Every structure is written in structure tokens, then in C-alpha cells.
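Student: Could you show me how to read empty spaces, unusual backbone angles and buried charges in a protein model?

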Amino acid sequence: MAATLLLAQNPGSAQIAPPRTLDELKAETQARADRNAYPLTGLKPADVRTALALIDSLDRDQWARAWSTVALTYSVNAELARVQGREKEAQENYLMAWRLYSFARWPTTNSPGKQQAYDESLKAFAGFARTLDPPVETVRIPFEGKEIVGLLRLPKGARPAPLVFSISALDSRKEEHIERGEVYLHRGIATFALDMPGTGQAPVLGEPGAERMFSRALDYLATRPEIDAKRIVIQGGSWSGYWSAKLGIVEKARLKAVVAQGAPIHQYFQPEWQTKALGTREYLFDLFPARASVYGARTIEDFLAFGPRMSLKEQGLIGKPATPMLLVNGDHDSQVPIADLDLLLHAGSPKEAWVNPGGGHMGRSAEWPDGRIFREIVAPWIARQLGSGE
């Protein structure tokens with residue numbers, strides 16, 4: 001049976017709103033591309049129209065193949081430009097190839113075609129990374145018989161440099177943080193990015209205790225003389241905001257501050273919320289498969305039963321002392337309840353919060369898109385915490 005983009009089977013006792021039809025999905029995908037909205041940020045509307053014209057079913061492999069076909073043109077042009085010494089052109093084409101291959105595997109690699117697209121996205125990003133100055137260093141940290149794969153960029157100038165440690169979210173990957181990290185490099189701040197547990201190249205699934213992977217990465221960063229280990233801020237958004245918040249408590253002594261944007265804390269993990277949230281139209285498609293893959297859950301019953309174990313309240317962490325935190329979200333978030341921000345904000349150490357009353361997930365709205373929140377709220381706050389100005 002062909003794998004489809006959306007949950008097709010009866011979810012049993014949990015009633016989830018029906019997914020978008022093919023026509024609805026294609027229309028919404030193009031609409032988001034036209035307004036440069038997540039998860040199509042940075043894609044050209046014309047390329048999106050070309051890819052969508054190649055799709056006539058909800059088959060996951062066909063989806064991946066369509067976007068990969070458009071990406072391939074950019075990959076070929078990038079290689080040609082590189083060989084001919086046109087570095088700027090090569091960089092632009094590698095960047096577009098990486099974005100398209102990454103969307104081809106979005107939101108999770110749950111079919112052979114999507115896995116192949118993810119592999120191609122890593123190759124395209126490697127080509128893009130070779131053109132960057134300062135360069136991207138791929139870091140491989142031994143961990144429990146496997147390895148943690150991270151991406152590190154050091155700014156030019158003074159040493160040791162403060163560092164922003166970014167964790168990718170449910171459907172983003174660490175490579176996206178490298179592109180966005182330019183704003184930090186210009187302030188003399190290093191960037192380091194990892195995939196969160198259960199995604200990308202992470203060596204462990206999402207489970208209680210998986211934060212040990214990040215603790216091991218902090219151990220490694222402390223060995224690098226170019227980095228000021230006393231000035232590290234962790235930045236997490238959406239699912240990874242959970243890990244950011246947790247690390248702000250369990251690794252309080254080693255962190256300067258954390259940002260937890262759109263972060264699951266407690267209510268998110270309860271079956272009552274999940275059965276409601278899995279039907280949100282705020283998410284483009286395949287939300288259940290993406291969320292379930294974090295735990296390695298195969299059925300919705302297993303997924304709903306596992307979730308409460310992740311609650312920071314159930315783990316006894318709510319109310320514990322924490323490093324300085326910035327909490328960000330929107331009142332109308334249909335993916336992560338705003339109640340989770342309130343729970344964390346009103347317990348334990350004093351915290352700061354930025355809440356968009358008209359915003360959805362991550363605080364985003366038409367007036368406050370992702371880029372504006374990052375540039376005007378998150379990045380300046382982090383720079384202040386690191387003593388690097390605004």
C-alpha cells in the first residue's frame with residue numbers, strides 16, 4: 001500500500017479532525033509560499049507552483065519526488081557554477097536546493113522517498129556550507145556508542161566567543177539554524193546547532209532523560225578554547241522549546257540563559273490536548289506521524305499513553321530554580337496550549353515573557369511573522385544576556 005501524506009486509518013477511540021484533501025493541501029501550500037509563511041519560508045512561489053503541478057495524490061513518495069525534481073535543477077546549477085568559479089551563484093543555488101530537498105522530506109522522513117530527499121538535503125547543505133565565511137564546522141561527539149552531529153560557526157574576532165546553542169524543532173532541522181545564525185555572528189556570537197531527540201541525526205528518541213545528549217554537547221563545548229563556556233544561551237522553539245526549558249532547570253549552573261518559544265511543558269502532553277490539537281489546520285499536514293516519530297510510537301494509543309511521561313510537572317521540575325528565561329508564544333496557539341507558558345512563567349525563578357494576544361503557534365501572526373519575532377524580540381534578548389549589545 002502506498003504511504004500517504006496524512007493519517008488515513010481510523011485512530012480508534014481518539015477522534016481527530018479529518019486532514020486536508022489534496023486540493024485543499026495544494027491550495028494552502030501555495031498560499032503559504034506566496035506570503036513566505038512557515039513551512040515554506042524562503043521558497044520561491046514559482047518553484048512551489050511547479051512542484052505542486054507534479055503532484056496528483058497524497059502519496060508521500062510522490063510528494064518527495066516532486067519537490068526533489070525542482071531541487072535537482074538547483075543542485076546541477078550549483079555544481080556547474082562551483083566548477084566554473086562562480087562562488088556567489090553556487091551559494092545561491094545550493095541554498096535553494098537545500099530548502100527544496102528539506103521541504104521534500106517535511107515534516108518527517110516516513111517513506112523511502114522522503115528519506116532520500118533528506119539525504120539529498122544534507123548534501124546540498126554541505127555544498128552551501130562550503131561557501132560560507134566564517135565556515136561551518138561539522139562536529140561529531142561520541143555518545144553512547146553513537147554520535148551527536150552538530151554544526152558550529154565561530155565569529156571572526158575576539159576569543160573566547162559567547163555562543164547560542166540552537167535546538168531544531170519537530171519538523172525543522174539543525175541546518176536551518178545555521179542560515180539564521182548570521183545575525184549572531186555579526187554580534188561576535190558563535191552558533192551551534194543540533195537536531196532534537198527523535199529527529200534528523202539525533203542519536204536518541206524523545207524520552208525522559210534524553211536531555212543527557214545536550215549535556216554531553218555542553219561537555220564538549222567546554223573543551224573548545226574558542227568558546228566562552230560561561231556565556232552559553234540555549235534557544236529552542238516549538239517542540240525544542242521543551243528541551244530548552246528543561247535544560248534551563250537541570251543545567252542551570254552551566255547556562256547563561258534560555259529561550260523557550262512555543263514550548264510544550266505539561267498540558268501539551270495530555271491525551272485531552274493531543275486529540276484536539278492533532279486536528280489543527282495551523283499545521284500543514286502529517287502532524288500525527290511527525291509527533292509520533294519523536295517517541296518512535298506506531299499507534300495513536302501508544303503515542304497518547306507515552307506523552308504524559310514527558311511532562312515537566314510530572315517530572316517534578318516546575319517550581320525549581322532556573323537560569324534566566326524568555327518565554328514566547330501566542331494566545332491562540334492551537335498546537336501548544338498557552339497554559340503551558342503560564343504554568344512555567346508563574347513558578348520557580350522569575351522569568352520574562354513576550355505573548356502576542358493575536359498570535360498563533362510561536363507567537364506568529366500577520367503583523368508578527370516568524371522573522372520579525374526573531375529579529376526584534378528573540379535575538380536582541382539573547383544578545384543582551386550575552387553582553388553583546390543589540
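Tutor: We will take cavities, then a buried charge, then backbone angles. This is a predicted model, in which local features need pLDDT of at least 70 and side-chain atom pairs count only at pLDDT 80 or more, while totals for chains, interfaces and linings use all residues. Residues are numbered from 1 along each chain as its sequence is written, and side-chain values use heavy atoms, with hydrogens and water left out.

Student: How many cavities of 30 Å³ or more does the structure hold?

Tutor: Rolling a probe the size of a water molecule over the atoms shows where empty space is left. A cavity is a set of points, on a 1 Å grid over the protein atoms alone, where a 1.4 Å probe fits but cannot get out, and its lining residues have an atom within 4 Å of a point. The structure holds 2 cavities of 30 Å³ or more, and the largest has about 50 Å³ of space, where a volume is the space filled by probe spheres set on the points, which are joined across faces, edges and corners.

Student: Which residues line the largest cavity?

Tutor: Among them are Ala-260, Ile-265, Val-328 and Leu-341. The largest share of this lining, 3 residues, comes from β7, a strand (a DSSP run of E, at least two residues, numbered from the N terminus). By class, the lining has 7 nonpolar, 2 polar and no charged residues; here Ala, Val, Leu, Ile, Met, Phe, Trp, Tyr, Cys and Pro count as nonpolar, Asp, Glu, Lys and Arg as charged, and the others, Gly among them, as polar.

Student: Which side chain of opposite charge is nearest to Asp-171?

Tutor: Lys and Arg count as positive and Asp and Glu as negative, with His and the chain ends not counted. Asp-171 is buried yet has no salt bridge, and the nearest side chain of opposite charge, Arg-105, is 6.2 Å away. Buried means under 20% relative accessible area, exposed over 50%, and partly exposed in between (1.4 Å probe, protein chains only), while a salt bridge needs a side-chain nitrogen of Lys or Arg within 4 Å of a carboxyl oxygen of Asp or Glu.

Student: Where are the cis peptide bonds and positive phi values?

Tutor: Most residues other than glycine have a negative phi, and most peptide bonds are trans. A cis bond joins Tyr-38 and Pro-39, with omega about 5°, and another joins Trp-106 and Pro-107, with omega about -5°. Phi is near 55° in Asn-36, which is partly exposed at 43% relative accessibility, and near 60° in Asp-286, which is buried at 2%.

Terms used: On a 1 Å grid over the protein atoms alone, a cavity is a set of points where a 1.4 Å probe fits but cannot get out, and a pocket is an open set with protein on both sides within 12 Å along at least five of seven lines; lining residues have an atom within 4 Å of a point. Helices (H or I, at least four residues) and strands (E, at least two) are DSSP runs, numbered from the N terminus.
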